[in-house]
Amino acid sequence: KTQILVTTQGVMARQIGQEMAANWTGLAASTVWALCRTVRLESPRLMLYCVDLPAGASAHEITECLKGAQLSAGPRDEIAFFIDRRNRLEHNKPT
């Protein structure tokens with residue numbers, strides 16, 4: 001089987017009540033997800049995984065998201081990440 005990983009950024013992952021400004025990039029990426037779902041139905045031999053990366057993520061955060069998606073993309077082979085910078089735990093903080 002052929003495996004393909006499709007990535008988008010800032011389309012799906014939101015917390016409840018979080019507002020995001022509409023833009024053409026988000027609209028196009030939503031269309032990509034719909035196309036991937038259709039391809040997955042039409043070509044069951046093709047292993048197609050969709051990953052939505054957080055908007056504004058650093059290179060390190062993107063790398064961590066892709067590592068997590070490789071371990072498990074969920075039951076539908078789709079996963080979306082978000083970064084909650086307001087509630088992030090601070091590790092190794094001197095007391």
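**Exercise 1. Which side chain does R40 meet in a salt bridge?**

Find the partner, then work out where the two residues sit.

*Solution.* Keep in mind that this is a predicted model. Step one: look at the end of the R40 side chain, and you'll find E78, with 3.3 Å from N to O. Step two: place both residues in the fold. R40 belongs to helix α1 (residues 24-42) and E78 to strand β3 (residues 78-80), so the salt bridge ties together distant parts of the chain, 38 residues apart. Step three: check the cover. R40 has 18% relative accessibility and E78 has 14%; buried means under 20%, so both count as buried.

**Exercise 2. Follow the salt bridges outward from E78.**

*Solution.* Start at E78 again and look for another partner: R76 also meets E78 in a salt bridge, this time at 4.0 Å from N to O. Now compare the surroundings of these two. R76 is exposed, with a relative accessible area of 53%, whereas E78 is buried. Finally, widen the view: R37, R40, R76 and E78 are linked in a network of salt bridges. A search of the whole structure turns up 4 salt bridges.

**Exercise 3. Find the salt bridge between E64 and K67, and say which helix holds the two residues.**

*Solution.* The side chains of E64 and K67 come within 3.6 Å, N to O. Both residues lie in helix α2 (residues 59-71), 3 residues apart, or about one turn of the helix. Here's the general idea: an α-helix has 3.6 residues a turn, so residues three or four places apart point the same way. As for cover, E64 is partly exposed at 38% relative accessibility, and K67 is partly exposed too, at 45%.

**Exercise 4. Check the length of α2, then sort out its two sides.**

*Solution.* Begin with the length. α2 has 13 residues, and at 1.5 Å a residue they should span 18 Å; the end C-alpha atoms are 19 Å apart, which agrees. Next, pick out the buried residues of α2: they are E61, C65 and A69. Look down the helix axis and these residues fall within an arc of 75°, so they line one face of the helix. What covers them includes β2 (46-53) and β3. Turn to the other side of α2, and A59, H60, Q70 and L71 are exposed.

**Exercise 5. Is T8 buried or exposed, and what does it touch?**

*Solution.* First locate T8: it's in strand β1 (residues 2-9). Its relative accessibility is 8%, so T8 counts as buried. Then list the neighbors, leaving out residues up to four places away in sequence: T8 touches A29, V32, W33, V51, D52 and L53. One of these, D52, also shares a polar contact of 2.7 Å with T8, side chain to side chain.

**Exercise 6. Step back and describe the chain as a whole.**

*Solution.* Count the elements: there are 2 helices and 3 strands. Walk along from the N terminus and they run β-α-β-α-β. Now ask how much is covered: buried residues make up 25% of the 95 residues. Next come the contacts. Among those between residues at least 6 apart in sequence, 72% join residues at least 24 apart; the R40 and E78 pair, 38 residues apart, links distant parts of the chain as well. Last, the surface: about 7,300 Å² is accessible, and 56% of that belongs to carbon and sulfur atoms.

Terms used: Residues are numbered from 1 along each chain as its sequence is written. This is a predicted model: local features need pLDDT of at least 70, side-chain atom pairs count only at pLDDT 80 or more; totals for chains, interfaces and linings use all residues. Side-chain values use heavy atoms; hydrogens and water are left out. Helices (H or I, at least four residues) and strands (E, at least two) are DSSP runs, numbered from the N terminus. Buried means under 20% relative accessible area, exposed over 50%, partly exposed in between (1.4 Å probe, protein chains only). The expected span of a helix is 1.5 Å times one less than its number of residues. The arc is that of the directions from the helix axis to the C-beta atoms. Contact means heavy atoms within 4.5 Å. Accessible areas come from the Shrake-Rupley method with a 1.4 Å probe; for residues, only the protein chains shown count as cover. A polar contact is a pair of N or O atoms within 3.5 Å; within protein, one must be able to donate a hydrogen and the other to accept it, and residues adjacent in sequence count only if both atoms are side-chain atoms.
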